[in-house]
Amino acid sequence: MTAAVLYDIPGPRARARNMLLGVVGTVVVLGIIGFVVYRFAVTGQFDARLWSWITYVNIQYLLLGALGNTLKAFAAAAVLSLLFGAVFAAGRMSDHRWVSRLSTTIVEFFRAVPLLVLIFILFFGVSRGLGVNISAYWAVVLGLMLYNGSVLAEVFRAGVRALPRGQSEAAYALGMRKTQVMTNVLLPQALRAMLPTILSQLVVVLKDTALGFIILYQELLYQARFLGSQGQLGAPILQVAMVVAVIYIAMCLILSGLSKLLEKRLRRSPRGGAAAADEAEREEEYAATL
Amino acid sequence: MGPVNVLLDNIDLYARGFLGTIELFVVSAIGSLILGAILAAMRVSPVPILRAFGTVYVNILRNTPLTLVIFFFAFAYPRLEIYDLSYFTRACIGLILYTAAFVCEVIRSGVNTVPVGQAEASRALGFTFNQTLSQVVLPQAVRNVVPPLANIQIALLKNTTIAAGFSVTEAGGIYQALSERGANVFVGLLWVAVGFLILVVPLTLLQRNLDRRWSTAR
């Protein structure tokens, strides 16, 4: 509640002014929502005919299958990007110059190129240029892996680097080897602090599976477009889009909620590695976007 | 037909495409900064209902895929027959609405990282809410806000390609034109990637420089 620090407990005049602001703000927001709803009504978007598709069992199965495809791509991409991130974070922290240089270049490259361009290269480019056919599913999964894996590599590295130096120095002093220091001392502490950030990056992965729509991977948005263009259903694209939006938002909110919950628990615990959490959070500001 | 030929033979396409990208980016960047600032002001304001509106907006938009937002503006918006907007405008609106949620969060968390004592001291001196915010908190918050804000704008630059997926003259859309002309699509797309590297890498270096200089200052 840092917001309350910005202003005093309002007196009578401030209360009146806040009340006025609140009323005006509410009227504006409700006005915008009301206008959209009004346009819905005027253009007949609330007609029962345009919503009747929900009652067809076949369409319910179609959407369920599409949801399955979305989740399938999400699961594969999540696992692969965690692996990719771990490998390249280790590569960047390597003591061998050429390994860390190479890893840095790869990570920076995939972070700078737009994900959709990566997916296009994989889907259209590789098949025509190199003669290797990649299915839409794998193009989405590999694209997500390359992009999110690179972001996660940065998150992992930031988390490990944020730990107090004394941790690794003490471990070396005890005679541990490089790998032992990393796996037994640094990673367990860093991972704990980074877990919320990793989860919120997984939200990004989930959101970005929607890009599969553009290369016609049969996920939720693809089916939304398909159903929305069915003339015999009255082309209910707005209605399907709204239902699909609710599904996406619900899934992402659950994941984000989990990440927030974890963050709160980590904050409360005394040995949460506060520095690592802060560093991870700074990285998150990058990660939280696409 | 070397790789360079693909670029040189279609240089008109690339020029037009990247010009479109930059146009889309500039309009959306300015729009998202304005809307994001308004939303952030709502989220730290003393009016509970405005705070609630801001929170709901940010939570919904941050958890919606950008593809879905643009999907809505590309296919569903025309059904409402509100006002006939060009696809470019609709793409801008989608990008602005989406990016503003992230801008809002960055500004808000930047305001929150300013030590509590600063605001308390300025209040003790009799500053009003507006004075506290504009003369004490915001000037200090800037250094916490600008580096992540730059990151968000870089992400926006890359996100403009999603608008191209719904076909708009823009760098990501070069693929379609290339395959119509029968050029090597693989090499052509690699040139698109190179183009984005040229746009993104200097911005990233600038952002890191800012970040390093300003985060050590405190």
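Here is a walk through a predicted model of a complex with a chain A and a chain B.

Let's start with how the predictor rates its own work. It gives the complex an ipTM of 0.84 and a pTM of 0.86. Chain B averages a pLDDT of 84, and 94% of its residues score at least 70. Within chain B, the element with the lowest mean pLDDT is helix H8 (residues 174-181), at 72, while helix H3 (residues 48-62) has the highest, at 91.

Now for the overall build. Chain A has 11 helices and 0 strands, so if you trace chain A from the N terminus you meet α-α-α-α-α-α-α-α-α-α-α. Chain B has 9 helices, again with 0 strands. The C-alpha atoms of chain B fill a box of roughly 70 × 45 × 20 Å along the principal axes. Of the 290 residues in chain A, 40% are buried; for chain B, with 218 residues, the figure is 46%.

Contacts that reach across the sequence show up in each chain. Take the contacts in chain A with a separation of 6 or more: 75% of them join residues 24 or more positions apart. In chain B, among contacts between residues at least 6 apart, 74% link residues at least 24 apart.

Time to look at some helices of chain A, beginning with H1. Helix H1 (residues 12-42) of chain A has 31 residues and stretches 43 Å from its first C-alpha to its last, close to the 45 Å expected at 1.5 Å a residue. How many of the residues of H1(A) are buried? The count is 0, and H1(A) is hardly covered. Just after H1(A) comes A:Gly44, with a positive phi of about 75°.

Helix H4 (residues 97-112) of chain A has 16 residues and spans 22 Å, close to the 22 Å expected at 1.5 Å a residue. Its buried residues are A:Ser103, A:Val107, A:Phe110 and A:Arg111. They cover an arc of only 105° around the axis, which means they sit on the same side of H4(A). What do those buried residues pack against? Their partners are helix H3 (57-92) and helix H6 (136-161) of chain A. On the face of H4(A) turned away from the buried side, you'll find the exposed residues A:Arg97, A:Trp98 and A:Thr105.

Next, zoom in on A:Leu118, which belongs to helix H5 (residues 115-130) of chain A. Why does A:Leu118 count as buried? Because 24 other C-beta atoms lie within 10 Å of A:Leu118, and 20 or more is what it takes to be buried. Leaving out residues up to four places away in sequence, A:Leu118 touches A:Val113, A:Gly143, A:Leu146 and A:Tyr147. A:Leu142 is 24 residues from A:Leu118 along the chain, with 8.9 Å between their C-alpha atoms.

A:Leu202, in helix H8 (residues 178-208) of chain A, is another stop worth making. A:Leu202 has 22 C-beta neighbours inside 10 Å, so A:Leu202 counts as buried. Setting aside neighbours within four places in sequence, A:Leu202 is in contact with A:Ala78 and A:Leu255. A:Ser229 is 27 residues from A:Leu202 in sequence, and their C-alpha atoms are 31 Å apart in space.

So much for single residues in chain A; what about the place where the chains meet? The contact takes 56 residues from chain B and 53 residues from chain A. On the chain B side, the elements that give two or more residues are H3, helix H4 (66-76), helix H5 (87-113), helix H6 (116-124), helix H7 (129-165) and helix H9 (185-215) of chain B. H7(B) gives the most, with 13 residues. Sorted by type, the residues on this side of chain B divide into 39 nonpolar, 12 polar and 5 charged.

Finally, there's the largest nonpolar core, with 130 residues. Which of its residues touch the most other members? They are A:Val117, A:Ile119 and B:Ile70. H6(A) supplies the largest share of this core, 16 residues. As for B:Ile70, its contacts beyond four places in sequence are B:Ala91, B:Gly94, B:Ile162, B:Ala163 and B:Phe166.

Conventions:
Residues numbered from 1 in each chain as written. Chains lettered and ligands numbered in written order. Predicted model: local features only at pLDDT ≥ 70, side-chain atom pairs only at ≥ 80, totals over all residues. Helix = DSSP H or I, 4+ residues; strand = E, 2+ residues; numbered from the N terminus. Buried ≥ 20, exposed ≤ 12 C-beta atoms within 10 Å, placed from the backbone. Contact = placed C-beta atoms within 7 Å. Expected span 1.5 Å × (residues − 1). Arc of directions from axis to C-beta. pLDDT = per-residue confidence, 0-100. Nonpolar A, V, L, I, M, F, W, Y, C, P; charged D, E, K, R; others polar. Core = buried A, V, L, I, M, F, W, Y, C linked by C-beta atoms within 7 Å.
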